[in-house]
Every structure is written in C-alpha cells, then in structure tokens.
Amino acid sequence: MKFQLAINLERMDDTLDMRDVARHTLEMVQMADEGGFTIAWAAEHHALEMTIAPNPFSILTWWAENTDRIRLGTAVAVAAYWHPIKLAGEAAFFDLISGGRLEFGIGSGAYQREFDRMHPGLKQSDAWRHMQEMLPAVQALWQGDYEHNGQFWSFPKATSVPKPLQKEVPIWVAARAPMTYDYAVKNGCNIQSWPLTRGMDEAETYMARMAEAMANNPGKKRPTMAMMRHTALYDRKEDWMVPVRAAQRQLSQFENLFKNMGDVENGFPRSIPFDQLGNRAEYDPEMLKRNLMFGTPDEVIAKLKQYEAIGVDEFIYYASLGLGHEEQKRSMELFCKEVIPAFR
C-alpha cells in the first residue's frame, strides 16, 4: 500500500492567524514529502474558511517550490467552475514548472452553496455532466488543436498552451456512485473514494462497485483505487477523544454545507447541533474512533491492513479535521516513522 496526503488551509473560527495556517499547511506537506508519501492533494472551494482553496494550481505551485519528490494533484478541480481552455492551460503550466509532477483530479463539486455563487442555476446533482464533458476536452487540448461543440461549452479550434511535460498525465475522479466507477474504468481514470464516517462495509461497497465496473468493461485497465479517511495518530490510547472532538466540530459544519442547512457568516459555516440531525448516529464518539483512521500507530497499522486486504491500493491521509497544529504534526510524525515502514 502507498500513501497520499489530502490537506487544506483551514480555519474553524477566526482565532487562527492566516499566516500561521499557511505556514502549518506547507510544513505538513514537506513532512509528507520527506516521509515517503506519493501524492499531496489540494482542493478547490470558494468563500469557505474551513477549506481555503480558491485555485488549486496556485496552492500546488507553492508546494512544488518547497518540496522535492512528492507528486502534486488537484482533488478536485470543479469542472463547472472552469472553461476547458483555461483549465487545460493552467494544469499543463503547473506540470511544466513542477517537473512533471501533476496528478489531475477532476470532479463535480460538493456543495450547493458554492454552485449558487460560482455557477448560479446549476444543481449540484447535475454537475457530473459538466465533468464528463470537460475531461475529454481538456485531454484533447493537451494533444493539439481541437474544436469543441458541446452542451456546456463551444469554441473554435484551439490548443493548450503550454502542453503538459508528461506524455500521459494521470487522471483521477472522485467516485461514490456506480455510474462514476463505470465512467472511470471506461476512460482510464484512477479513483478516489471517501466513505465519510461510515464503516468498513461502505469501503467494501466501493470496492464491489469497482469490481462490477471492471466486469462490465472487459479488457480495460484496472484503475488505481485510493480511499480517504480523516486521520489522526497519538501516542497514548487514552487521548482518542482529542481528534474525535475536533472531527465532531468540523463535521457539524460539513453537515451544514453538504445539506445546505444553515447560515455561513463571513466564511464560517454555522455548526449544526447533532440533536437536529437525522443521521446523528454517524457522529457517535465510539463510532468515529472505530471508523476513522484514529489510533496509536499499532492501531492504525491494523486498520490499514483491513483496507489492504480488500484491495485498496493507496490510502489518502486526510489531515484536515480542525485538529490543533501541534497534534497534526505529531500525528504526521508518527505516521511517517512508524506506519509507512510497516507497508514497505
């Protein structure tokens, strides 16, 4: 098993100085680079303090200038917020200046609140159509002159300037629904999956969906399957409530955004009280401790072995859960020193 890092610049409230947030995020990526992670991912989100990522390529350029080996990717560029020529050119330019380190993740987008501001009138549930039109257009522009007449974009003959340094840029899609697994297999895309706070049965469901997609598309190459979990390691077993409390706080804001339930003030989503949630059982402390990648190094190794056993190729260490900066760094240190060597 290999390991990837997903990390955001994040603030749960305005007590954190943005300069400290930026410094911390870069240091985490540098630790991952030195510790043996294969990829670091930057998101795209708008007008939200819990995920500060207005342009993933700007973030990746910053990381590239301050790292040596780790590959760098978008997780994900939201198709509906871009024009194909601009997205192709931005991605290719980053690949050029990073020495061919781009991993290109593209997706539909997460929150209706963002669509209401970035693409008014578009329902989040319909945005997959933009992604499926965008990706082949970007790939064609990377090859040379290409004219596009589609449902969402039309433009005369054009090309990406510059072209990617890599002959074949690895493509990733975020997949939960069966049709997205089928699309990924058909189109040679690797897969990022996220079981949220649900148990191993959800991870097994995703593996079954990929197996079904492979069976329905004989002869296609098997995608790399990466699975993401909130991750926090600690030295003492009795410290388990520290990341659980942080996750509960962050997830209560995530529920607001995911279900478009409440207000956002100056970029900070209002926390939704758990007693107002129909799915509040998904945030039970014991359940979070069990399902998320929380634990001492030995406990985390044992959990990761379960993912390895069901066929997960790469694990995505999701570092952003509102945990304190020192706790995040200690967690990364333990993961690099004690967990990664167990899988070499």
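Which residue forms a salt bridge with arginine 23, and how far apart are the closest N and O atoms? The partner is aspartate 20, with 2.7 Å between the closest N and O atoms. The legends below describe close-up views of a predicted model.

**Figure 1. Salt bridge between arginine 23 and aspartate 20 in helix H1**. Helix H1 spans residues 18-35 and holds both partners. Arginine 23 and aspartate 20 are three residues apart, about one turn of the helix. Arginine 23 is partly exposed, at 46% relative accessibility. Aspartate 20 also counts as partly exposed, at 34%. A search of the whole structure gives 19 salt bridges.

**Figure 2. Salt bridge between lysine 329 and glutamate 27**. The closest N and O atoms of this pair are 2.3 Å apart. Lysine 329 belongs to helix H11 (residues 325-339) and glutamate 27 to helix H1, so the salt bridge ties together parts that are 302 residues apart in sequence. Glutamate 27 has a relative accessible area of 28% and is partly exposed.

**Figure 3. Salt bridge between glutamate 333 and arginine 330, and the network around the pair**. In this pair the closest N and O atoms lie 2.2 Å apart. Both residues are in helix H11, three residues apart, which means a separation of about one helical turn. Glutamate 333 is partly exposed, with a relative accessible area of 29%, and arginine 330 is partly exposed at 32%. Through shared partners, salt bridges join Asp235, Arg330, Glu333 and Lys337 into one network.

**Figure 4. The largest pocket**. Its volume is about 1,100 Å³. The lining consists of 44 residues, and those closest to the centre are Gly109, Ala110, Ala174, Arg176 and Trp194. Elements that give two or more residues to this lining include strand E2 (39-42), helix H5 (128-143), helix H6 (178-186) and strand E9 (190-193). Strand E10 (225-233), helix H8 (241-258) and strand E14 (314-318) are also among them. The most is given by H8, with five residues. By residue class, the lining of the largest pocket divides into 27 nonpolar, 15 polar and two charged residues.

**Figure 5. The second largest pocket**. This pocket has a volume of about 570 Å³. Its lining is made of 27 residues; Glu168, Val169, Pro170, Ile171 and Gly188 lie nearest the centre. H5 and E8 are the elements that give two or more residues to this lining. The largest share, four residues, comes from H5. The lining of the second largest pocket contains 10 nonpolar, eight polar and nine charged residues.

**Figure 6. A nonpolar patch on the surface**. Phe93, Leu96, Ile97 and Leu165 form the patch. Together these residues have about 350 Å² of accessible area. Leucine 165 sits in the loop between strand E7 (154-158) and strand E8 (171-174).

**Figure 7. Cis peptide bonds**. One cis bond joins alanine 75 and valine 76, with omega at about 0°. Valine 76 is in the loop between strand E3 (71-74) and strand E4 (77-78). Another cis bond joins valine 161 and proline 162, again with omega at about 0°. The loop between E7 and E8 contains proline 162.

**Figure 8. Positive phi at leucine 196 and asparagine 266**. Leucine 196 is not a glycine, yet has a positive phi of about 55°. This residue lies in the loop between E9 and H7. Leucine 196 has a relative accessible area of 11%, under 20%, and therefore counts as buried. Asparagine 266, also not a glycine, has a positive phi of about 55°. Asparagine 266 is placed in the loop between strand E11 (264-265) and strand E12 (268-269). At 68% relative accessibility, over 50%, asparagine 266 counts as exposed.

**Figure 9. Surroundings of phenylalanine 315 and alanine 208**. Phenylalanine 315 is part of strand E14. Its relative accessibility is 1%, so phenylalanine 315 is buried. Methionine 228 is 87 residues away from phenylalanine 315 in sequence, but their C-alpha atoms are 6.0 Å apart. Alanine 208 lies in helix H7 (residues 200-216) and is partly exposed, with a relative accessible area of 43%. Between alanine 208 and histidine 45, which are 163 residues apart along the chain, the C-alpha separation is 30 Å.

Methods
Residues are numbered from 1 along each chain as its sequence is written. This is a predicted model: local features need pLDDT of at least 70, side-chain atom pairs count only at pLDDT 80 or more; totals for chains, interfaces and linings use all residues. Side-chain values use heavy atoms; hydrogens and water are left out. Patches are made of residues with over 30% relative accessible area and no salt bridge: like charges are joined within 9 Å, nonpolar side chains (Val, Leu, Ile, Met, Phe, Trp, Tyr) within 5 Å. Accessible areas come from the Shrake-Rupley method with a 1.4 Å probe; for residues, only the protein chains shown count as cover. A salt bridge is a side-chain nitrogen of Lys or Arg within 4 Å of a carboxyl oxygen of Asp or Glu. On a 1 Å grid over the protein atoms alone, a cavity is a set of points where a 1.4 Å probe fits but cannot get out, and a pocket is an open set with protein on both sides within 12 Å along at least five of seven lines; lining residues have an atom within 4 Å of a point. Grid points are joined across faces, edges and corners, and a volume is the space filled by probe spheres set on the points. Ala, Val, Leu, Ile, Met, Phe, Trp, Tyr, Cys and Pro count as nonpolar, Asp, Glu, Lys and Arg as charged, and the others, Gly among them, as polar. Buried means under 20% relative accessible area, exposed over 50%, partly exposed in between (1.4 Å probe, protein chains only).
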